[in-house]
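Q: Please take a close look at one part of this model, a loop and the aromatic residues around it, and then set that part in the context of the rest of the chain.

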Amino acid sequence: MRPKLYLAAAVLFAASTAFAGPRIAVGVGIGVGPAWGYGYGPSYVYDAAPVYAPAPPPPPVVTYAPPPTPALGYTWVDGYWYPAGPRYAWRAGYWARPPYRGAYWSAPRYYGGRYYRGYWRR
């Protein structure tokens, strides 16, 4: 009985490796704007395009004091509401490392029926 089990295992192993070959993948990325080339997403570009929002967001959620800083050089970003489809979603506050020296967080705002995303600025 044992030799049949070993034979079945050997056949399964051989069959599984028959189609396993070396794989090669090549990727190309193209960035637009100054922030893409430095590893930061589009939210870090100055004066992000506004999003149409018919109603203002709810009032901010009052939370506790921020937790201790994780390391030197981090900045606390307060929580904020952002449009998610037909409603708003809450993004809790978090510690973030500014993308460049002297940068500070400009919080998102709602003005004139438009929602302007937050961004880092000098």
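A: The part to begin with is Pro58, which is placed in the loop between strand 1 (51-52) and strand 2 (75-77) of what is a predicted model. With a relative accessible area of 34%, Pro58 is partly exposed, because that class covers the values between the 20% limit for buried and the 50% limit for exposed. Once residues up to four places away in sequence are set aside, Pro58 touches Trp81 and Tyr88. The C-alpha atom of Pro58 is separated by 9.6 Å from that of Tyr80, a residue 22 positions apart from Pro58 along the chain.

Val61 is also found in the loop between strand 1 and strand 2, and it is partly exposed, at 38% relative accessibility. Leaving aside neighbours within four places in sequence, Val61 is in contact with Trp81 and Trp90. Trp81 is thus a partner of Pro58 and a partner of Val61. From C-alpha to C-alpha, Val61 and Tyr80 are 7.9 Å apart, with their positions 19 residues apart in sequence.

The partners of this loop lead to a hairpin. Strand 3 (residues 80-84) and strand 4 (residues 87-91) pair in the antiparallel sense, over 5 bridges. One of the bridge pairs joins Ala84 to Arg87 in strand 4. The hairpin has 2 residues between its strands, and Gly85 takes a positive phi there, near 70°. Strands of a sheet pair through backbone hydrogen bonds, in either a parallel or an antiparallel sense.

Several of the residues named so far recur in the largest nonpolar core, which has 10 residues, including Tyr80, Trp81 and Tyr88. The other members are Ala53, Val77, Ala96, Ala103, Trp105, Tyr115 and Trp120. In soluble globular proteins, nonpolar side chains tend to be buried together. Val77 gives a view of how this core is connected: apart from neighbours within four places in sequence, Val77 is in contact with Gly93, Tyr94, Ala96, Trp105 and Trp120. Of these partners, Ala96, Trp105 and Trp120 are themselves listed in the core. Ring pairs also link Tyr80, Trp105 and Trp120 into a cluster, so that these three core members are described both by the core, which joins buried residues through side-chain atoms within 4.5 Å, and by the pairing of rings whose centres lie within 6.5 Å.

The count of aromatic pairs comes to 5. Among them, Trp76 and Trp95 form an edge-to-face pair, with 5.3 Å from centre to centre and 70° between the planes. This pair links distant parts of the chain, since Trp76 lies in strand 2 and Trp95 in strand 5 (residues 94-96), 19 residues apart. Trp76 counts as partly exposed, at 23% relative accessibility, and Trp95 is likewise partly exposed, with a relative accessible area of 25%. Both values lie over the 20% limit, which is why neither Trp76 nor Trp95 counts as buried.

Further along the chain, Ser106 is found in strand 6 (residues 104-106). Its relative accessibility is 15%, and Ser106 therefore counts as buried, the limit being under 20%. Not counting residues up to four places away in sequence, Ser106 touches Gly118, Tyr119 and Arg121.

An open sheet of 3 strands has the order 1-8-7, with antiparallel pairing. Its edge strands are strand 1 and strand 7 (109-111), each of which pairs on one side only. Strand 7 and strand 8 (residues 114-116) pair in the antiparallel sense over 3 bridges, and one of the bridge pairs is that of Tyr111 with Arg114 in strand 8. Arg109 lies over the face of Tyr116, at 4.7 Å from the ring centre.

As for the whole protein, there are 1 helix and 9 strands, and from the N terminus on the elements run α-β-β-β-β-β-β-β-β-β. Of the 122 residues, 16% count as buried. The protein exposes about 9700 Å², of which carbon and sulfur atoms supply 64%. Among contacts with a separation of 6 or more, 47% are between residues 24 or more positions apart.

Conventions. Residues are numbered from 1 along each chain as its sequence is written. This is a predicted model: local features need pLDDT of at least 70, side-chain atom pairs count only at pLDDT 80 or more; totals for chains, interfaces and linings use all residues. Side-chain values use heavy atoms; hydrogens and water are left out. Helices (H or I, at least four residues) and strands (E, at least two) are DSSP runs, numbered from the N terminus. Buried means under 20% relative accessible area, exposed over 50%, partly exposed in between (1.4 Å probe, protein chains only). Contact means heavy atoms within 4.5 Å. Accessible areas come from the Shrake-Rupley method with a 1.4 Å probe; for residues, only the protein chains shown count as cover. Rings of Phe, Tyr and Trp (its six-membered ring) pair if their centres lie within 6.5 Å; planes under 30 degrees apart count as stacked, over 60 as edge-to-face and the rest as tilted. A charge sits over a ring if NZ of Lys or CZ of Arg is within 6 Å of the ring centre and within 35 degrees of the ring normal. Two strands pair if DSSP finds at least two bridges between them.
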